Amino acid sequence: MSVDSSFGKLPDHLLTEIFIRVPVSEWAQISCVKKQWANLFRGECLWQAALATTFPLANQAKRWPGPIPRGLSKRRFAALYVSKHIFSLDGEIDEIVGHTYLFLKEQLELSTMPPSSSILHGTIIDQFIACGKSRDMADDLASQIWLAVLDNLEENEHTFQILKRLAQEGDVFLPYPYSRSIKVQWRVFEKLFTDFRDCLDHVDYYDVLACAKTKFQPIPSTWLGVTLCFCLLSHLEENVRLKN
């Protein structure tokens, strides 16, 4: 689309009305077309309009107590979008679930040295309890959020290091529901031994496997399959060394 066309010269309020009716998946591409359009997506007005159009009940929501803030319209739209498309708990859209998901994902992806999983988990539990959730509901929601975040982390070196650190964290006794979920711990090891198996060297693999054995019995055969690969590799390396 030419930025000199009549469409490109429309005023901001009309562009906003058009853009908020375009699929969300295309917004990033639209914002790259023209500086004026990029500024619209950086501003508050477009996100207020998008929030009112897509989630009309959002304006009735009250601010909540707790450590995780609500943020401005862009943040609220992202949180509601996550709540609807990733969770949709019993058909309801719970905004605080989306905010908690974004909080945890950013802590793991953007922090060079994220807090321990116990601190992050405790923050999430505190947030849900502050919002009136029961202990059982807080525990269930926290586990769902952890699993969703782990499944949506980018597959890169930073994620590998985060998962390895989470796997090697020592167990700390904490009262329910502040103790870490077994399901979440299992998913951490599962991703390391499947999605990131090629990133594990000999030392990393046996260290992580030792941690897994202290938490789970029996160990899945798919996790142990890497051991055979390392044994064969070590045998080949030894043969090459002897021949030389």
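Helices (at least four residues) and strands (at least two) are taken here as DSSP runs, numbered from the N terminus.

**Figure 1. Overview of the predicted model, whose protein chain has 12 helices and zero strands.** Read along the sequence, the helices give the protein chain the pattern α-α-α-α-α-α-α-α-α-α-α-α. Of the 244 residues in the protein chain, 40% are buried. When contacts in the protein chain are restricted to residues at least 6 apart in sequence, 62% of them join residues at least 24 apart.

**Figure 2. Close-up of helix H3, which spans residues 35–42 and has Trp37, Ala38, Leu40 and Phe41 as buried residues.** Viewed down the axis of H3, the buried residues fall within an arc of 155°, so they line one face of the helix. The exposed residues Lys35 and Arg42 are carried on the face of H3 that is turned away from its buried side. Packing against the buried residues of H3 are helix H1 (12–19), helix H2 (27–30), helix H4 (44–54) and helix H5 (73–87).

**Figure 3. Close-up of helix H4, in which Leu46, Trp47, Ala49, Ala50 and Leu51 are buried.** The buried residues of H4 pack against H1, H2, H3 and H5, and the packing of H4 with H3 is also found from the side of H3, whose buried residues pack against H4.

**Figure 4. Close-up of the crossing between helix H7 (residues 117–130) and helix H8 (residues 135–151).** The axes of H7 and H8 come within 9 Å and cross at roughly 130°; since angles over 145 degrees would count as roughly antiparallel and those from 65 to 115 as roughly perpendicular, H7 and H8 are therefore oblique to each other. The crossing of H7 and H8 is right-handed. On the H7 side the contact is made by Ser117, Leu120, His121, Ile124, Ile125, Phe128 and Ile129, and on the H8 side by Arg135, Ala138, Asp139, Leu141, Ala142, Ile145 and Trp146.

**Figure 5. Close-up of H8 packed with helix H10 (residues 182–193), their axes coming within 9 Å.** The axes of H8 and H10 cross at roughly 10°, and H8 and H10 are therefore roughly parallel to each other. Residues Ser143, Trp146, Leu147, Leu150 and Asp151 of H8 meet Lys183, Val184, Arg187, Val188 and Lys191 of H10. Trp146 of H8, which takes part here, is also one of the H8 residues that make the contact with H7.

**Figure 6. Close-up of H10 and H11, which pack with their axes 11 Å apart.** The angle between H10 and H11 is about 150°, and H10 and H11 are therefore roughly antiparallel to each other. The crossing of H10 and H11 is left-handed. From H10, Gln185, Phe189, Leu192 and Phe193 meet Tyr205, Val208, Leu209, Cys211, Ala212 and Lys215 of H11.

**Figure 7. Close-up of Ile219 in the loop between helix H11 (202–215) and helix H12 (221–243).** Ile219 has a relative accessible area of 12% and is buried, the cut-off for a buried residue being under 20%. Leaving aside residues up to four places away in sequence, Ile219 touches Leu209, Ala212, Lys213 and Leu224. Ile219 and Leu209 lie 10 residues apart in sequence, and the distance between them is 8.9 Å, C-alpha to C-alpha. Leu209 and Ala212, both touched by Ile219, are also among the H11 residues that meet H10.

**Figure 8. Close-up views of two cis peptide bonds, one from Tyr176 to Pro177 and one from Gln217 to Pro218.** For the bond from Tyr176 to Pro177, omega is near 5°, and Pro177 is placed in the loop between H9 and H10. For the bond from Gln217 to Pro218, omega is near 0°, and Pro218 is found in the loop between H11 and H12, where Ile219 also has its place.

**Figure 9. Close-up views of Cys32, which is exposed, and of Cys199, which is partly exposed.** The relative accessibility of Cys32 is 66%, whereas Cys199 has a relative accessible area of 37%. With a disulfide taken as a pair of cysteine sulfur atoms within 2.5 Å, the count of disulfides comes to zero. Gln161, found in helix H9 (residues 157–168), is 38 residues from Cys199 along the chain, and their C-alpha atoms are separated by 9.7 Å. Gln161 counts as partly exposed, at 34% relative accessibility.

Definitions and conventions. Residues are numbered from 1 along each chain as its sequence is written. This is a predicted model: local features need pLDDT of at least 70, side-chain atom pairs count only at pLDDT 80 or more; totals for chains, interfaces and linings use all residues. Side-chain values use heavy atoms; hydrogens and water are left out. Buried means under 20% relative accessible area, exposed over 50%, partly exposed in between (1.4 Å probe, protein chains only). The arc is that of the directions from the helix axis to the C-beta atoms. Contact means heavy atoms within 4.5 Å. Axes are lines fitted to C-alpha atoms, for helices over the stretch in contact, and angles run from 0 to 180 degrees between N-to-C directions. Angles under 35 degrees count as roughly parallel, over 145 as roughly antiparallel, 65 to 115 as roughly perpendicular and the rest as oblique. A crossing is left-handed if the near helix is turned anticlockwise from the far one by less than a right angle, and right-handed if clockwise.
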